[in-house]
Amino acid sequence: MADVVLINPLDKTHVSEMLELQAPPLNLMYLGASLEKASFSVKILDDSLKEWGYNQVNKLVEKLNPFIVGVTATTATIKSSLEYIKSIKRLLPDVLTVIGGPHTTFLPIDTLKSLKELDTVVIGEGEETFIELAEKYEKRGKEGLEEVKGIAYRNQSRIKVNEPRPFIQDLDSIPFPARHLVPFKEYETSKNGQAHIITSRGCTYSCRYCSSSLIMGRRFRARSPENVVDEIEELYDKYKIEEIGFIDDTFVLNKRRALAIADEIKERSLDITWSTSSRVNTIDKQLLSNLKSAGLQSIYYGIESGSQRVLNLMNKKITLRQSEDAVKIAKDLGIEVMASFMFGYPGETPAEMDKTIDFSIKLDPDYAQYSILTPFPGTPIYQKLEKKGLIEKDWEKYTVLDPVIKYERFGLSRKIVKRKLFEAYFKFYRRLSYYIKHPHMIKVVLKTVLKSLT
C-alpha cells in the first residue's frame, strides 16, 4: 500500500542512453522526501531504469493502490507519460492522476485537453504544491483542488487554472532527496559512481532558447553552504559516494557562496571530487583555483556558438573572448572542460555553423557536446516561432538531436542542420591528438555519432 506513487517514465531519447549512464530522478526524490515529511507513504517507480513497460507498471500500481499517482514529463517523454496515466486510470478509476515537469508547466491546458484521464497538472516547483494537493484531496476530494495554488485541474467538463504559487524562498527547508525510495546503487551515473546535487534555483539571465529562468524564476535562490555540504556528507557516509555533480544552472553566479561551499568541504575533510557547470563570464583564475583545492575536477561551459552575431541573437550575453579565457583558465589549472555548442538557431547561416565547429576545435576542450536548437515550450524562441507556425509539434522529436524548425523560411534546410551536427562530431573527435589524450572516448563517440544519424 502507498498513499502516493510517483513514476519516472521510460526515456529512450535521453543522452544517458548514448553514454550508457543512468541517473536517478532527482525531481521525484525531492517530491518523495517532501511528501514523507508531511507523513504520506510514497513509492517511486523508475521505469527509465527498470524498463518494465506499461503493463508491469500498471500491475505494480494496482497492487500499491494509491490515492494519487504522479508522473513527471519532459517534452520528449510527454506522450509516454500520458500513456501511463491513461492505462492506470482505467485500472483505478478513483485515483487522482497528476503530471508535472517543464513541458506541462508551460502547456497545462493543452496537456489536460489531450487526455481525459488526466486530472491535475502541477505548474512549476512541486514540493509545496504536491503536499497541499495531497492534503486537500485526502480530506475533501476534488472539491479541495480549487484551493491549491500552482495547479491546473479538470473540474467536470471545465479546466481551471489556479493562482500561481510563489517560489520557495528558503531552500534549506526542503528535505534532502529521498534516495532511499529508489534502488540507488543500481544507477550508473559515472564509472566510479556519482550523485547529483542541486544547490540553487533560478537564473538571472534570459537566453532565448532556455526556459530555466521562467520555470524557477529570474531571482537566484540558494541553499546555505552548510546545508549543501550536509547533503554531501550524507552521500559520502551513507552511500559511499566520492564523486559529486552539481547540476545547478548557475552554481558560481554567487562567487562568495561557491567559495564558502568549497571551504566547508575542506573543513570537514571530505575526500571527494566534483563537477559543475558555469557561464563563461562568471569565471576567473582565483575562483577556479580555490574550487579545485576543494575537489573541483571538471567544469561544463555552455558556449553554444563560434559566431558573436549568433550569440547576440540568442541573447547569451557572453563574448567569444570570454569563452576562450574561461576554457584556458580551467585547462591551465588541470580542470577538465566539457563545452556545449548548438546549431540551427533561426537566422544562423551554414558559414556561421562552420565557425562554431572551427571554434570548438580551436578551444580544444576535453569533451565537446553538440546539439540542434530545440525550441522547447515556454522558451522565448518557442513563443516567437510558434506564433509564425514555424515549428512542428511532434514532441518525441524534441531530443536536441532532431530538427523541428521549418528552416526553409530561414533559407536553410533540416538536412543541412543535421549534417552540421554530424560534421561537428566527426571533425572534433576524429583527431589523433584527441584520442592520445582520451582513448576511452572512442566507444562513446561512435555511439553518439550513430545516434545523431538515426
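**View 1. The largest cavity holds about 70 Å³ of space.** This is a predicted model. The structure holds 1 cavity of 30 Å³ or more. Rolling a probe the size of a water molecule over the atoms shows where empty space is left. Y30, L171, I174, P175 and F176 belong to the lining of the largest cavity, and so do I198, T199, S200, R201 and R223. Sorted by class, this lining has 6 nonpolar, 2 polar and 2 charged residues. Among the lining residues to look for are R201 and R223.

**View 2. The second largest pocket offers about 260 Å³ of space.** Its lining includes T105 and F106, then I123, G124 and E125. G150 also lines the second largest pocket, as do P164, R165, P166 and F167. L214 and I215 complete the list. Two helices take part: helix 6 (102–106) and helix 9 (212–216) each supply at least two residues of this lining. By class, the lining of the second largest pocket has 7 nonpolar, 3 polar and 2 charged residues.

**View 3. An open sheet is built from 7 strands with mixed pairing.** Follow the strands across in the order 2-1-3-4-5-6-7. Strand 2 (42–46) and strand 7 (158–161) stand at the edges. Each has a single partner strand, so one side of each is left without a neighbour in the sheet. From one strand to the next, the twist averages 20°. In a regular strand the side chains alternate between the two faces of the sheet.

**View 4. Strand 5 and strand 6 run antiparallel.** Strand 5 covers residues 120–122, and strand 6 covers residues 151–155. Their pairing extends over 3 bridges. To find the pair by eye, start at V121, which stands opposite A152 in strand 6.

**View 5. Strand 6 and strand 7 form a hairpin.** The two strands pair in the antiparallel sense, over 4 bridges. R154 stands opposite I159 in strand 7. There are 2 residues between the strands. Q156 sits in the turn, with a positive phi of about 55°. Strand 7 is also an edge strand of the sheet of 7 strands, with a single partner strand.

**View 6. A further open sheet has 6 strands with parallel pairing.** Its strand order is 8-11-12-13-14-15. Strand 8 (195–197) and strand 15 (367–372) are the edge strands, and each pairs on one side only. The twist here averages 20° from one strand to the next.

**View 7. Strand 8 and strand 11 run parallel.** Strand 11 spans residues 243–246. It is joined to strand 8 by 3 bridges. I197 stands opposite F246 in strand 11. Strand 8 is an edge strand, pairing on one side only.

**View 8. Helix 10 packs against helix 11 at an angle of about 45°.** Two packed helices are described by the angle between their axes and the distance between the axes. Helix 10 takes in residues 225–238. Its axis and that of helix 11 lie 9 Å apart. Helix 10 and helix 11 are therefore oblique to each other. Their crossing is right-handed.

**View 9. Helix 11 meets helix 12 at a crossing of roughly 25°.** Helix 11 comprises residues 255–267, and helix 12 comprises residues 285–292. The axes come within 9 Å. The angle makes helix 11 roughly parallel to helix 12, because angles under 35 degrees count as roughly parallel. The crossing of helix 11 and helix 12 is left-handed.

**View 10. Helix 14 and helix 15 pack at an angle of about 30°.** Residues 320–332 make up helix 14, and residues 350–363 make up helix 15. Their axes are 10 Å apart. That angle makes helix 14 roughly parallel to helix 15. Helix 14 passes helix 15 in a right-handed crossing.

Definitions and conventions: Residues are numbered from 1 along each chain as its sequence is written. This is a predicted model: local features need pLDDT of at least 70, side-chain atom pairs count only at pLDDT 80 or more; totals for chains, interfaces and linings use all residues. Side-chain values use heavy atoms; hydrogens and water are left out. On a 1 Å grid over the protein atoms alone, a cavity is a set of points where a 1.4 Å probe fits but cannot get out, and a pocket is an open set with protein on both sides within 12 Å along at least five of seven lines; lining residues have an atom within 4 Å of a point. Grid points are joined across faces, edges and corners, and a volume is the space filled by probe spheres set on the points. Ala, Val, Leu, Ile, Met, Phe, Trp, Tyr, Cys and Pro count as nonpolar, Asp, Glu, Lys and Arg as charged, and the others, Gly among them, as polar. Two strands pair if DSSP finds at least two bridges between them. Axes are lines fitted to C-alpha atoms, for helices over the stretch in contact, and angles run from 0 to 180 degrees between N-to-C directions. Angles under 35 degrees count as roughly parallel, over 145 as roughly antiparallel, 65 to 115 as roughly perpendicular and the rest as oblique. A crossing is left-handed if the near helix is turned anticlockwise from the far one by less than a right angle, and right-handed if clockwise.
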